[in-house]
Structures are given as structure tokens and as C-alpha cells.
Amino acid sequence: MGCLPTKHANRSLDSLDAREAVALAAETSCEKVDLPDFVNIATGTPFTVSEVEALYDLFRKLSNTIIKDGLIHKEEFHLALFRKKKKQNLFVDRVFDLFDEKQNGVIEFGEFVRSLSVFHPDAPEEQKIAFAFRLYDLRQTGFIERHELKEMVLALLDESDLNITSDAVEMIVDRTFDQADTKGDGRIDQEEWTEFAKSNPYVLRNMSLPYLKDITMVFPSFVIHSEISEADMAL
């Protein structure tokens, strides 16, 4: 015996909100499909429950852009940020890796919300500083090495389509280490990075996305249509 037709049967998934989409999936498959626990996921983040529900609608769209499995893969993540396929880039890889908390190669909905919450204007500064530190700590050693900083600077310039001389890149790296490496051991630890970031607010200027203050109205459009420049994501 087949499933009964539903009022949503002739509508595309993208035209449905989160609850309608889940209802359609459940009815057409004759199986029970549960919504994520929006209340639990919102806990500990600056997002309201209704904003997390709006994020779920966005997540469904992003996670079915290329591979329709309800998970965000790296290719889909890149398209969401930059709207076009480009060669592999260290910056994109690092941001994806930090969103992928389980390190299983995909971003689940809870990971998506928790990671985005760091960029909320109301998120604690300490969270933003810690996220930025992990971004540059490429080898996850607990320190930012000179060559790691240089690699990230080059990756950010590549994503922004900016061309500067190698001397200018070296100057950026040297200046950062002159200010941040207060212990003079040739690497930057978490404590040094925290002091550096607090003394140089520009380091965190792109760790806050104003769009997240009004996520129900603005954020879905801002990501899906990529109304964000590479500079907005350059940390």
C-alpha cells in the first residue's frame, strides 16, 4: 500500500520551509522524519530558536547543492562562499575544517550553527580570538609558526584576487611577528595571540558578520546568492 498524496506533493523542496519539507519527506517515504532539536542547538549560541529554524532552511539548500545527502561537503561550502568553483585553496580548507568539528569530511547542521555563531556580532570576543587562532594554527600544534602565517596570507590574497610582491608578504609576516611574538621564540602562542588581537582590533574585523543580526530576512539570501566578497571572509 502506497502513501497518501499530500498538499505539498507538487511543490519543490526548495519552495518549502523546514517543517513542510520534513513533513513531505516523511509522508512520501512512509517513514517518520524528525526535525533537528532547534531549542537544544540554539542553546549556548546568540541565535534564537526561530533563527536556528531559518538556518535550517538555508542548510537544507546548501547541503543539496551538489550532493543531495543533507550534509555540506567542501565543494558545496566553497560554492556557498564564492559562488564559483575554483582551485583548492588553503583558506577555504581551513574554514571548512573548523566548521567540521567531527573531522569526518562533512558539516552537519549542529556544527553549521555552532560555527556560524562565532561570527555573530554578539558572540564573545574570546570565541572570535580563539577561532582566528585555530585558523592560522595550520598544523594544530598550539602555536602559529612563521611559515603558517605566510601560507595563510598567501591563501587570503589568492581568494581576494590581490597581487602583491613577495617582499610585501614578508613585510606583513615580519610586522605581525614583531608585534605578537613577545616571548621572542619565533612562534605565537594562544596567550600572545590574544594580547595581539586585543591590541589590534583589525585582526577581528571580519570575525563579525552583521547579516547574522537579522538572519531570518537577510542571511539566506546573502549566502545563497553570494552577496559577500572574499574580503568579508578574510580574517
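Here are some short exercises, with worked solutions, on the predicted model shown above.

**Exercise 1. Getting your bearings**

Work out how many helices and strands the protein has, and in which pattern they follow one another.

*Solution.* Start with the count: there are 12 helices and two strands. Then walk along the sequence, and you'll meet them in the pattern α-α-α-α-α-α-α-β-α-α-β-α-α-α. Next, look at the surface. The protein exposes about 12500 Å², and carbon and sulfur atoms supply 52% of that. As for the inside, buried residues make up 44% of the 235 residues. Finally, check the reach of the contacts: among those between residues at least 6 apart in sequence, 55% join residues at least 24 apart.

**Exercise 2. How far to trust it**

Find the average pLDDT of the protein, and name stretches where pLDDT stays under 50.

*Solution.* The average pLDDT is 79, and 73% of the residues score at least 70. Now for the weak spots. Residues 1-9 stay under 50, and the model gives them 10 contacts beyond four places in sequence. Residues 216-235 also stay under 50, and for that stretch the model has 56 such contacts. So much for confidence; on to the interior.

**Exercise 3. Into the core**

Which residues have the most contacts inside the largest nonpolar core, and what does Phe77 touch?

*Solution.* The largest nonpolar core has 54 residues. Inside this core, Phe77, Phe109, Phe112 and Trp193 have the most contacts. Take Phe77 and skip its neighbours within four places in sequence: what's left is Ile72, Val92, Val95, Phe96, Phe99 and Ile107.

Phe109 and Phe112 also turn up among the buried residues of helix α6. In that helix, eight of the nine residues are buried. Besides those two phenylalanines, the buried set has Gly110, Glu111, Val113, Ser115, Leu116 and Ser117.

**Exercise 4. Salt bridges between separate parts**

How many salt bridges are there, and which parts of the chain do the pairs Asp93–Lys74, Arg114–Glu101 and Asp174–Arg146 tie together?

*Solution.* The count comes to 11 salt bridges. Let's take the three pairs one by one.

- **Asp93 and Lys74.** The closest N and O atoms are 3.3 Å apart. Asp93 sits in helix α5 (residues 90-99) and Lys74 in helix α4 (residues 74-82), so this bridge ties together parts 19 residues apart in sequence. Asp93 is buried, at 12% relative accessible area, while Lys74 is partly exposed at 28%.
- **Arg114 and Glu101.** Here the N to O distance is 2.9 Å. Arg114 belongs to helix α6 (residues 109-117) and Glu101 to the loop between α5 and α6, so parts 13 residues apart in sequence are tied together. Arg114 is partly exposed at 38%, and Glu101 is partly exposed at 41%.
- **Asp174 and Arg146.** The closest N and O atoms are 2.7 Å apart. Asp174 is in helix α9 (residues 166-180) and Arg146 in helix α8 (residues 146-159), so the bridge links parts 28 residues apart in sequence. Asp174 has a relative accessible area of 34% and is partly exposed; Arg146, at 36%, is partly exposed too.

One last item on this topic: Lys183, Asp189 and Glu191 are joined into one network by salt bridges that share partners.

**Exercise 5. Checking a helix**

What span should the 14 residues of α8 have, and how far apart are its end C-alpha atoms?

*Solution.* Use 1.5 Å a residue, multiplied by one less than the number of residues. For the 14 residues of α8 the expected span is 20 Å, and the end C-alpha atoms are 20 Å apart, which agrees.

Now see which of its residues are covered. Glu148, Leu149, Met152, Val153, Ala155, Leu156, Leu157 and Glu159 are buried. To read that list, remember that an α-helix has 3.6 residues a turn, so residues three or four places apart point the same way.

**Exercise 6. Positive phi**

Where do Gln103, Gln140 and Asp161 lie?

*Solution.* First the background: most residues other than glycine have a negative phi. Gln103 isn't a glycine, yet its phi is positive, about 55°. Gln103 is in the loop between α5 and α6. Gln140 has a positive phi near 55° as well. Gln140 lies in the loop between α7 (125-136) and β1 (143-145), and at 60% relative accessibility Gln140 is exposed. Asp161, with a positive phi near 55°, follows α8.

Notes
Residues are numbered from 1 along each chain as its sequence is written. This is a predicted model: local features need pLDDT of at least 70, side-chain atom pairs count only at pLDDT 80 or more; totals for chains, interfaces and linings use all residues. Side-chain values use heavy atoms; hydrogens and water are left out. A salt bridge is a side-chain nitrogen of Lys or Arg within 4 Å of a carboxyl oxygen of Asp or Glu. Helices (H or I, at least four residues) and strands (E, at least two) are DSSP runs, numbered from the N terminus. Buried means under 20% relative accessible area, exposed over 50%, partly exposed in between (1.4 Å probe, protein chains only). pLDDT is the predictor's confidence in each residue, from 0 to 100. Contact means heavy atoms within 4.5 Å. A nonpolar core is a set of buried Ala, Val, Leu, Ile, Met, Phe, Trp, Tyr and Cys residues joined through side-chain atoms within 4.5 Å. Accessible areas come from the Shrake-Rupley method with a 1.4 Å probe; for residues, only the protein chains shown count as cover.
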